[in-house]
Amino acid sequence: MWWLKDVWVIDPSQTLSAPRHVLIKGGQVLEMFASMTEEEVLTIAQGESVETINGEGKFLFPGLIDVHTHLREPGQEEKEDILSGSRAAVRGGFTTILAMANTKPVIDNRALIEFVRMQGERAGYAHVLPIGTVTKGMQGGELVEMADMKAGGAAAFSDDGKNIQNAEVMRLALEYAKITGLPIISHCEDKDLAGEGQMRRGMVSARMGLKGIPASAESVIVARDLLLAEETGGKLHLAHISTTESVDLIRQAKARGVNITAEVNPHHLIFCDEEMGITDTALKVNPPLGSQKDRESLIEGLRDGTLDMIATDHAPHTMAEKSRPFAEAPFGIASLETALSAIWQHLVVPGRLSFERVIEAWSVSPAKRFGLPGGSLKPGAIADMVLFDPDFSEVIDSTQLVSKARNTPFLGKNLQGFPVMVWVEGQLVQKNRTVLGK
Amino acid sequence: MEGTIKSKILDADGIRRAITRIAHEIVEKNKGTDRLVLVGIRRRGVPLAERIRQYIEKLEGVQVPLGILDITLYRDDLSTIDIHPVVHETDIPVSIEGKSVILVDDVLYTGRTARAALDATMDLGRPARIQLAVLVDRGHRELPIRADYVGKNLPTSRREIVAVRLQEVDKEEDVLLLEHEEDTSK
Amino acid sequence: MKWQRKDVLAIEDMSVDEIRHILHTAKVMKEILMRPIKKLPTLKGKSVVNLFYEASTRTRTSFEMAGKVLGADTTSIAVAQSSVSKGESLYDTAKTIQAMRADLVIIRHSSSGSAKFLADILDAGVINAGDGQHAHPTQALLDIFTMEEQLGDMNGKKVVIVGDVLHSRVARSNAWCLQKLGVDVTFVGPPTLVPFEMEGLGVKLAHDLDSVLPGADVVMALRLQLERQKSGLFPSLREYSQLYGLTTERLKKTEKQSIILHPGPMNRNVEISDEVADSAQALIERQVTNGVAIRMALIYLLIGGSSNVVA
């Protein structure tokens, strides 16, 4: 049994943000009290040994749930695999991660869904839930066997990495997915508008002489998919929203009552194109970093609930791939291990976002939308939890990262505020930034 | 100027007399001024060459052509110089083909500057002969080079510095012998 | 001034003093270039590697000649374009060149930022001979050198750059260089090739050539890449040439003895008429000569001074 003394609990699922004593037993949250004595704890323990943690000055919240990660297994294990990715997850404070389907081969049938799920269980760190493709071979044509894949453990469907260009296929997917109750996650990117673009089209791309991706490449598809969701009543989730126009479209659709949710990536909340240098491939990401105005719109959208979730879009790549001239390097940022700290330092500490809203968007909302365990510390809830020390500071050092990837813009930089203990189902899996062995 | 002054080798009059003598010798040795070209080596060789030209004009009533040579690009010690030397233009208004070129410099020391000047001159054409005029020869040659006209022979030690100061460049007119305060030569 | 740069990658990050120093040095180099004996011992024993990932005979030859006049040993590595994706990565090539102890590397590459990428890896100096659509600093320097040779100080004068500026590293580098020296710069071309974001370079944008010609001291035509038509950026060469081709008739609108520049190679009778290209106003061959002088100056400034190799 665990006794977390005097810890500041943030649990938006019960609108709680206050100091508490938390008791964990048998993989579940047992009880939470405003004050507690040792005798009381021992009485409740009934002879079981009690591990006591002094939580003063630290936060406890439900483990983060990331609905957008790329774990690269099967097929690209040189970048990441399910074991390394799920270890990176718990190091960064994530207790559940959804694995995108654009592996090699793509996850477009039940056998592969079960493979990913089993690999996650074998690894035994974060809960790893597979996302299946929407279309066979991610070709944007025929739909996959959604019901069968759900039976095998699929948590959602997405052709992420590629947009479904054919609007009729998207419409049919939103209709058919209703029999599963699972969301379709849309990677909103018009292929022709995006073209061979390398970064957001604007004055910065003009100066650098890099091909630009117009903001419309995203918002045109956002508009399309919102209209399709409205028409079909299908369950739509929009991945990695990055433009002002998209935020406005989503806000309007929500006002009309359309069944949609949307996510934003930490890097779009923290960086903008003006901060990029011509060799900063660590900041090369898709969708590309937008303008300062976009960044402000995204923060505003996250604050007012237009954007429901934060998701990392953890996209690991090898150093060799990123050590290339900008146009030749792949898109993506590996962020599981740094994302929460970066959000804390760049947005919470300066007062741009409340920590309560961050936990709601990164744990409560994903659990609700995707029907996942976790996202709450109510008595009886699964004990997926994070103890966060706002004073813990660390220089992001490539030898300390447990992900296989090093493609983070924070490499060599100091971040402050880190998860220092992480539990999955009441089992301690990370302590003082070290992922515990199995 | 780095170092302490030990003695004044030439004053303004001394310099004037030395240059007058060199001018005479040049005319004497070349049997007049026919096909003569005076070329001053940047930087203090340039005003010295100009003065020699004026004396020759007084003597012979002839204006000898005068050129300026920048030898920066011909130096063999570029890689040992800390601060990047600024290159200047070489400006020789006449062809030196078949001419008697008189190179003029302030101090002859190791001979490396003279060697660079010889190379630079040859790249401009094929003169009949090249002669060297210097105000001071302080010895310590590192190359088999000698001057044809010398204003003042001055035995020195390597620790010493010969500073030629000319009105046109330095707003002073003298030749000084200085001593390094501490030996930084290697 | 004290020259402290290891590399010349873009005009954007250069000071006016540095630009002036390069132009001054190039003037000396041009005098040497005009001599019957074009050979100096200055860079004896220095090795210059030309690493060209894009075919460009004229720029490569210009750099080779510049290096050779200064007495350096120049080696050219022409890398087939296809090897960018298939063969050795630029990173590994850089490491190989490093191991060969080259003193200076000249790089031409189709990716924007590749020159800086290389410079960040190498101890040797790097000159950017054109990286993607980003920068072509030696072209901009030879252009300003040519303009000033003909027109004197360019401060306050007006330069119009016509054509496909969106895809042009020449236009970008010229915009930086000219504006630093106080020149008024206008980009003109169809909106598809002169889009709004080019304002990010601080220049004026226009789509009607005739309206911006009055008062222009210099008109620079850019090479039109013919494959842009296939991408739908302009409908036909015929219409392009009608709207933006430099003709004698049209150039009268400058109302002064303007000079015409072109970075070459020209598409005659597309962006520039035969008559203009061969007129006395066009200083296109002079640009080529001055290109060698500018490159000599840069090579000298980068490796002529203190040695990179510690004895």
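**Notebook: chain contacts, a buried strand and one leucine**

Of the two pairs of chains in contact, A and C are the pair that shares the most contacts. I'm keeping in mind that this is a predicted model.

**Entry 1: who touches whom**

I looked up how many residues each side puts into the A–C contact: 19 residues come from chain A and 23 residues from chain C. On the side of chain A that touches chain C, helix α7 (residues 203-208) of chain A gives the most, with six residues. I sorted the residues of that side of chain A by type and got 10 nonpolar, five polar and four charged.

Then I tried chains A and B. No contact joins them, and their closest C-alpha atoms lie 30 Å apart.

**Entry 2: strand β8 of chain A**

Next I went to strand β8 (residues 127-132) of chain A. Is this strand buried or exposed? Six of its six residues are buried, so β8(A) is largely enclosed by the rest of the structure.

I also checked which way its residues point. His127(A), Leu129(A) and Ile131(A) go one way, while Val128(A), Pro130(A) and Gly132(A) go the other way, and all are buried.

Which strands pair with β8(A)? One is strand β7 (residues 94-99) of chain A, in the parallel sense, over four bridges. Here I found Ile97(A) standing opposite Val128(A). Another is strand β9 (residues 156-158) of chain A, also parallel, over two bridges. On that side I noted Phe157(A) in β9(A) as the bridge partner of Gly132(A).

I followed the chain from β8(A) to β9(A) as well: the path runs through helix α4 (residues 146-151) of chain A, and this β-α-β crossover is right-handed.

**Entry 3: Leu233 in chain C**

Last stop, Leu233(C). I found this leucine in the loop between β8 (218-221) and α9 (237-244) of chain C. (Note to self: this β8 belongs to chain C, while the strand in my second entry belongs to chain A.)

Why does Leu233(C) count as partly exposed? I counted 19 C-beta neighbours inside 10 Å, and a residue needs 20 or more to be buried, while 12 or fewer would make it exposed. So Leu233(C), with its 19, lands in between.

Who does Leu233(C) touch, leaving aside its neighbours within four places in sequence? I get Thr192(C), Leu193(C) and Arg228(C). Leu193(C) got an extra look: Leu193(C) and Leu233(C) are 40 residues apart along the chain, yet their C-alpha atoms are separated by 6.9 Å.

Definitions and conventions:
Residues numbered from 1 in each chain as written. Chains lettered and ligands numbered in written order. Predicted model: local features only at pLDDT ≥ 70, side-chain atom pairs only at ≥ 80, totals over all residues. Contact = placed C-beta atoms within 7 Å. Pairing = 2+ DSSP bridges. Right-handed = clockwise from strand over helix to strand, strands pointing away. Nonpolar A, V, L, I, M, F, W, Y, C, P; charged D, E, K, R; others polar.
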